[in-house]
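Open your viewer and get comfortable. We'll go through a few selections together.

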Amino acid sequence: MSAIVLFMAVIAVIVGWWLSQQRLTAKPWLEEGSIDDFPGTGAMTLPAAKIGLGVFLAVATSLFALFISAYSMRMNMVDWRTLPVPGLLWFNTGVLVLSSVALQWAYVAAHRNDMDGVIVGLCAGAASAVTFLVGQLLAWQQLRSAGYFVASNPANSFFYMITAAHGLHLMGGLVALGRTTAKVWRGAEMPQVRLSVELCTIYWHFLLLVWLVLLGLLTGWTDDFVDICRRLLT
Amino acid sequence: MVVAIVLLLVAVGSVLFHIYSPWWWTPIATNWSYIDHTISITFWITGVVFFAVIAFMAYCVFRFHHKEGRQAHYNPENKKLEWWLSVGTGIGVAAMLAPGLFVWHQFVTVPADATEIEVMGQQWQWSFRLPGKDGRMGTTDVRFVSSDNPMGLNPDDKHGQDDVVIASDDLHLPVGKPVKVLLRSLDVLHDFYVPEFRAKMDMVPGMVTYFWMTPIRTGTFDVLCAELCGAAHAQMRAKVIVDEESEYHAWLEKQKTFAELSGRNAVMRATYESGGK
Amino acid sequence: MVDVPYDRIADVPPAEVPEVELYHPKSWWTQYVFSQDAKVIAIQYSLTASAIGLVALVLSWLMRLQLGFPGTFSFIDANQYLQFITMHGMIMVIYLLTALFLGGFGNYLIPLMVGARDMVFPYVNMLSYWVYLLAVVVLASTFFVPGGPTGAGWTLYPPQAILSGTPGQDWGIVLMLASLILFIIGFTMGGLNYVVTVLQARTRGMTLMRLPLTVWGIFTATVMALLAFPALFVASVMMLFDRLLGTSFFMPALVEMGQQMKYGGGSPILFQHLFWFFGHPEVYIVALPAFGIVSDLISTHARKNIFGYRMMVWAIVGIGALSFVVWAHHMYVSGMHPHFGFFFATTTLIIAIPTAIKVYNWVLTLWRGDIHLTVPMLFALGFIITFVNGGLTGLFLGNVVVDVPLSDTMFVVAHFHMVMGVAPIMVVLGAIYHWYPKVTGRMLNDVLGKFHFWVTFLGAYLIFFPMHYLGLLGIPRRYHDIGEAAFIPSSAHTLNAFITVVALTVGVAQMVFLFNLVWSLFKGRPSGGNPWRATTLEWQTPETPPGHGNWGKELPVVYRWAYDYSVPGAAQDFIPQNQPPKATRAVQGAAP
């Protein structure tokens, strides 16, 4: 459970830091009057959707941290046989990086008021994300034909389950991306588009980061890394 | 007024119920009277707090319930009082935790001279195994389980041959000797539970758990399953009989070892097959 | 999700926008059925949760009939008994209490109490309810599928939950897990709303330290739930894999009924860690909203500010944080490494300190108050007694070595029913009596209310207080029939029969409450906008029940904390949060 406990500690630090900005030691019964006397304690001024995305990312991170916790607890059992990572995954990783880059492009274009650039970025991002998903399916196919079935070893089970979880999150992102593209298509104004594009970009970068961590986990790099840390400590 | 009296009656009634309750823990049969003492300490501390809080509340309701012209006192907080209450609570908590952790340390530290015995649960019966003359138990694996070998002993392990296997009968234990009870399950979670022993632990398929105890009085005790294990959970019963040393040995002499059981089965099968021809 | 053009308003605090663009219902359907108004969604959540909760209540009667008079009712066998306890537990904990406190009270009270027009994502909020309803329907459907609902106990421990020795192994367990997954998805949508609304849509002047404790409780509980429910999600998905695809996440090699199974190598304890990583915070997800609400009930009806508001806030946050590092106290006898016991016993008992502070501050709020013994106040008093009782028995079970003899006995059943069954339900009922006038514009009948309180409170206490002693005696839980055992005296059976009779009586009293709810809707005394003379914003709405958008033309502005009751020198014994200060205020010097 160390991964999730670590994540909770990070969340606790963030929440604690934020609360410490909110004058939680003030004596509210003495502080009658208008808010202008107490600057910085009002509601957040960020757009709700952006805060909402931030909270959602915390929830999603919690989910993946729990998958990782379960993975690291289960892999210490004797029957664990690490499965070979199909080479296709490297290609897929590259495609996902491209997808993130494309959205970053759209984000930058949105800030330059370049609507064509936004459209190009969004479409390229969506296309490469779909390619990534197809690539993941092909990787499953390859593993299956090589005899690595979902139930034949817990390492396989985890591989299929975790990649599926990540893929489903990406598909959810594609829905939001589709809505944003549709909005652009209908000729929405730039200020409206800008926020949507920014949110999609943040989500894409998050999913890329999650994928890199998961890839490290599935290929066993994380193990080596943890081992090195442990050796350095002792 | 009436409300205050009823609230007070709830507090007084709870204390009286506690004192006069005919339902109380069973007479202890092992060395774990420490656990009972820890429970007693906890009862005292929590009982005092319970009564004090409810009685204070009842007094407030009695003294400060609404009357024409009453105005509530204005008092946002009292740091000093709150800190004193926190410190007092902390002391009370420590007074329960310290003995608890102390006894837990004993609970998880198995004495070196404890004899190992094994209890195995499966849906929905108990089996027991005692080490044979060599004092060691053989290895097991669920893959060896068959109708001839209900406990799944490794037939190739020489330590297992003289193990005493008690498949569907009561377990006997000698009084005054510490035992380490190894717990194993074939299928689902079970829990070897004898109320008079106080100690218990879940049995988990795929691993061996344990607890230890020293029986301190002779008698016959009911074994129940304390972890939900399916439809007949409530019927999963056996008995443990704590004997004097001599009676225990007399009983032990009559038990069959794993070798005898499997050998006899093999012989019987051979006769049956030859007879069939 | 981004229907409102936020960019246009991004530079102005949202509360200062004259009217945030609201979704306006266009037809009866979108106004009352597929509504995006948090108040309607709140009522939908509450009604659905209560409906499925009534099913769980009926299940508890059947269980009590079996326990009180074993062998008398031939239509309840061992399998059904297990199915009843499982469904009763799961429904009560998740589909009733969690949904009611967060989906019901959260939706209704958060926007009103923080001075917002609605939740920030109304569409997502609506989806949240419909996904929740789907989860409830899937759950209820297990009563009608072949094999019936699962009988694995609400903890759903593998391997038992998915093996054939347990009822409901075919469909019941699969649908249960699917329903939980749906519930979590639906809850996450709602939870995002509650959190972001508190963070971003508070009205002008509503600083965190001016929030009523109700909002603090619901807000903290929601944050915890958002972070903890993924653990149940992961556990459910993995168990579905084990059940449907034959993987071995939780399944070790085992022999079932003499049959070697294909599973191997998995760890049942891994499931328990995941389950309780959710399960323990879940206790506080139910408790914290109750803590918050009861603080406001006591303060309002004792006409006195809540004593030690700051300590109350810190305690809520502290309890929320600590509750993530105590989960394994549910696993002291699970066979996990015994050394964990030291750590988890210590953290568990430490959590008693902030909890105790909350109790002290509730009773100290009564001290020198002006206590109106209204029905909400009575329920608050009932809550304190049952919560103190259940909280103190928690100190038994949290102390690792004391838990060893008591775990899995009726003591545990009595403890958690007292602390997270009866106590939160006391708050729920008190809160309904308190806010019903705001929701409907009419008061609930007082005489029926008092009758309801006394029967419910005294009855529940008579059910669960003696039950501890059956556990102390050693009677295990989840037994449909204790049968013959030398250590159980016949008086224990008498006590069981007594408990059953009381339980049925309490059940019938709830029908009086339901009658009151319906009757008062039409015949209740009109309440006016602020019948309890309370300070918080929800009582200051221009209309009662509050209209669409809550506040009419202008949002309220907040000038003070939520507890200005009986301020010396003030004209009335309460000052609403949105009342501007007068230059001559006597209070400044009066505070110590």
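Which residue in β10(B) does L171(B) stand opposite? Select both and you'll find V240(B) there. Before going further, a word on labels: residues count from 1 along each chain as its sequence is written, while chains are lettered from A and ligands numbered from 1 in the order in which they are written. This is a predicted model, where local features need pLDDT of at least 70, side-chain atom pairs count only at pLDDT 80 or more, and totals for chains, interfaces and linings use all residues.

Now show β4(B) and β10 (residues 238-243) of chain B, which pair in the parallel sense over 4 bridges. (Strands are DSSP E runs of at least two residues, helices are H or I runs of at least four, both numbered from the N terminus; two strands pair if DSSP finds at least two bridges between them.)

Widen the selection to the open sheet of 5 strands, in the order β4-β10-β9-β6-β7 of chain B, with mixed pairing. Its edges are β4 (171-174) and β7 of chain B, each pairing on one side only.

Next, pick helix α5 (residues 245-253) of chain B: this helix lies across β4 and β10 of chain B, at about 140 degrees to β4(B). (Axes are lines fitted to C-alpha atoms, for helices over the stretch in contact, and angles run from 0 to 180 degrees between N-to-C directions.)

Then turn to where chains B and C touch: 82 residues from chain B and 98 residues from chain C take part. Contact here means C-beta atoms, placed from the backbone, within 7 Å. Chain B's side includes residues from α1 (2-20) and β9 (219-225).

Conventions. Contact = placed C-beta atoms within 7 Å.
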